[in-house]
Amino acid sequence: MTKNYIPLHEPKFNGNEVKYLKECIRSSWVSTNGLFIKKFEKHIEKYTKSKYAIFCINGTHALQISLLVAGVKSGDEVIVPTITFIAPINAISYNHAKPIFMDCDEYYNIDEEKTIEFINKETIYKNGFTINKKTKKIIRAIIVVHTFGNAVNLNQLVPLCKKRNIKIIEDASEALGTHYIKNEKYAGTVGDFGVISFNGNKIITSGAGGMILVKNKKNYDRIKYLIYQAKNDALNFIHNEIGYNFAQTNLNAALGLAQLENIEKIISAKEKIHDTYKKNLNLTSNLKLVDVPEYSKNNYWLNILKVNRKYKKKLLHFLNKERILARPVWQLNHLQVKYKNCQTYNIQKAVYLHKSSICLPSSYHLRKEDLFRVIKTLTNFKF
Ligand SMILES: Cc1ncc(COP(=O)(O)O)c(C=O)c1O
């Protein structure tokens, strides 16, 4: 009998998904307007304690628009971590700006200390702008990514960026539900803009979709205007600016809303999976599950295993041969063809983590026997 295949991260639809989708279809509001969009946005606002939430086409374009509204212009520079899915880096390029790549910390997040050191040593503050000493360009923003659901340590960075007029865009695509213990703020609500993704591989999904979290009505109105084709007079088709078709549909919102209703259940199931991996894998000296930060409550989106770099490829191959989908961490973005000539700052840890990390199956509905099959396969591997 062939073993069943264990995916890395799969969605599950066991709430009001079908009911809401049927309601949506019956209402005939299936495109980019409708009640489910409003309800989904309101529910996200309440859950994340965000002032405003805007549902849009996906996380990638949510980042693009956030950068645009943050004031990022052609020729500007944006600080960004090298370890992340490539979407935030491309979002910088869509705005004709350039990334400056930063190292990461033990949680695969941007290294706060090094970022501060870079700003203090390698930039000057002149006429209200932070200028890169090397390129003489304005550093207009920083994208911090809450990688794998781990909250970025932002304590020192927030006041410094405020002082230096650098806008903070939080990419919380992977971190819906993660929040800081001290102030109970949710990932995506600390900086100037927050972005969440509802792609099928995220903690909840709307099929495709993104949410932009903002703190004031001015940014809310501006984003709504831009993503709905910049309509100045909808009746007469007057558009005074170049708009975008980045709004997302009521159908997707219906799906997302039904998923969001189950978020607490999902996070608590994911926490148990993390604990089980940790308890069983850390017993062996060759395997170490990566811890989550102690200063935040995690959503446990993806579990990461650290192994001796000598064995990483072999172990990945072994797991996949056993029909267990395990994957390496994303290629470092400062090494990608399109970005290899961009500025970097003292990248070390990211290189080490990239060489030694493996992403493990983490679906919240992972069956107990499948979880233990992953654990057994890992512990049986000959190091
Ligand atoms: C950190 C990060 N940012 C952005 C995105 C892009 O989101 P989307 O797929 O919704 O465009 C993803 C994942 O897909 C992601 O993991």
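## Exercises on a predicted model

The model is predicted. In it, 4 strands form an open sheet with antiparallel pairing, in the order β11-β13-β16-β14.

**Exercise 1. Find which strands stand at the edges of this sheet, then trace the pairing of β11 with β13.**

Solution.
- Step 1. Read off the ends of the order β11-β13-β16-β14. The edge strands are β11 (288-289) and β14 (327-328).
- Step 2. Count partners. β11 and β14 each have a single partner strand, so one side of each lacks a neighbour in the sheet.
- Step 3. Go to β13, residues 303-306. This strand runs antiparallel to β11, and 2 bridges join them.
- Step 4. Pick out a residue pair. Leu-289 has Leu-305 of β13 as its bridge partner.

**Exercise 2. Determine which residues of helix α7 are buried, and where they lie around the axis.**

Solution.
- Step 1. Apply the cut-off: a buried residue has 20 or more other C-beta atoms within 10 Å of its own.
- Step 2. List the hits in α7 (residues 217-227). They are Asn-219, Ile-223, Leu-226 and Ile-227.
- Step 3. Check their directions. The buried residues span an arc of only 90° around the axis, so they sit on the same side of α7.
- Step 4. Turn to the other side of α7. Lys-217 and Lys-218 are exposed there.
- Step 5. Identify the packing partners. The buried residues of α7 pack against β1 (52-56), α3 and β10 (210-214).
- Step 6. Look just past the helix. Gln-229 has a positive phi of about 70°.

**Exercise 3. Describe the shell around the ligand: its nearest residues, its helices and its residue classes.**

Solution.
- Step 1. Take the 14 residues around the ligand. Asn-58, Gly-59, Thr-60, Ala-87 and Ser-197 come nearest.
- Step 2. Assign elements. α3 (59-69) and α4 (87-94) each give at least two residues to the shell.
- Step 3. Sort by class. The shell holds 8 polar, 4 nonpolar and 2 charged residues.

**Exercise 4. Locate the two domains and work out what makes up the domain 1 side of their contact.**

Solution.
- Step 1. Set the bounds. Domain 1 covers 17-260 and domain 2 covers 263-380.
- Step 2. Get the separation. Their C-alpha centres lie 25 Å apart.
- Step 3. Count the contact residues. Domain 1 supplies 38 and domain 2 supplies 32.
- Step 4. Name the elements on the domain 1 side. Those giving two or more residues are β3 (98-102), α5 (112-122) and β8 (179-180).
- Step 5. Find the top contributor. β3 gives the most, with 5 residues.
- Step 6. Classify this side of domain 1. The residues are 22 nonpolar, 8 polar and 8 charged.

Key:
Residues are numbered from 1 along each chain as its sequence is written. This is a predicted model: local features need pLDDT of at least 70, side-chain atom pairs count only at pLDDT 80 or more; totals for chains, interfaces and linings use all residues. Domain bounds come from an automatic or database domain assignment. Two residues are in contact if their C-beta atoms, placed from the backbone, lie within 7 Å. Ala, Val, Leu, Ile, Met, Phe, Trp, Tyr, Cys and Pro count as nonpolar, Asp, Glu, Lys and Arg as charged, and the others, Gly among them, as polar. A residue is near a molecule or strand if its C-beta atom, placed from the backbone, lies within 6 Å of it. Two strands pair if DSSP finds at least two bridges between them. A residue is buried if 20 or more other C-beta atoms lie within 10 Å of its own, exposed if 12 or fewer, and partly exposed in between; C-beta atoms are placed from the backbone. The arc is that of the directions from the helix axis to the C-beta atoms.
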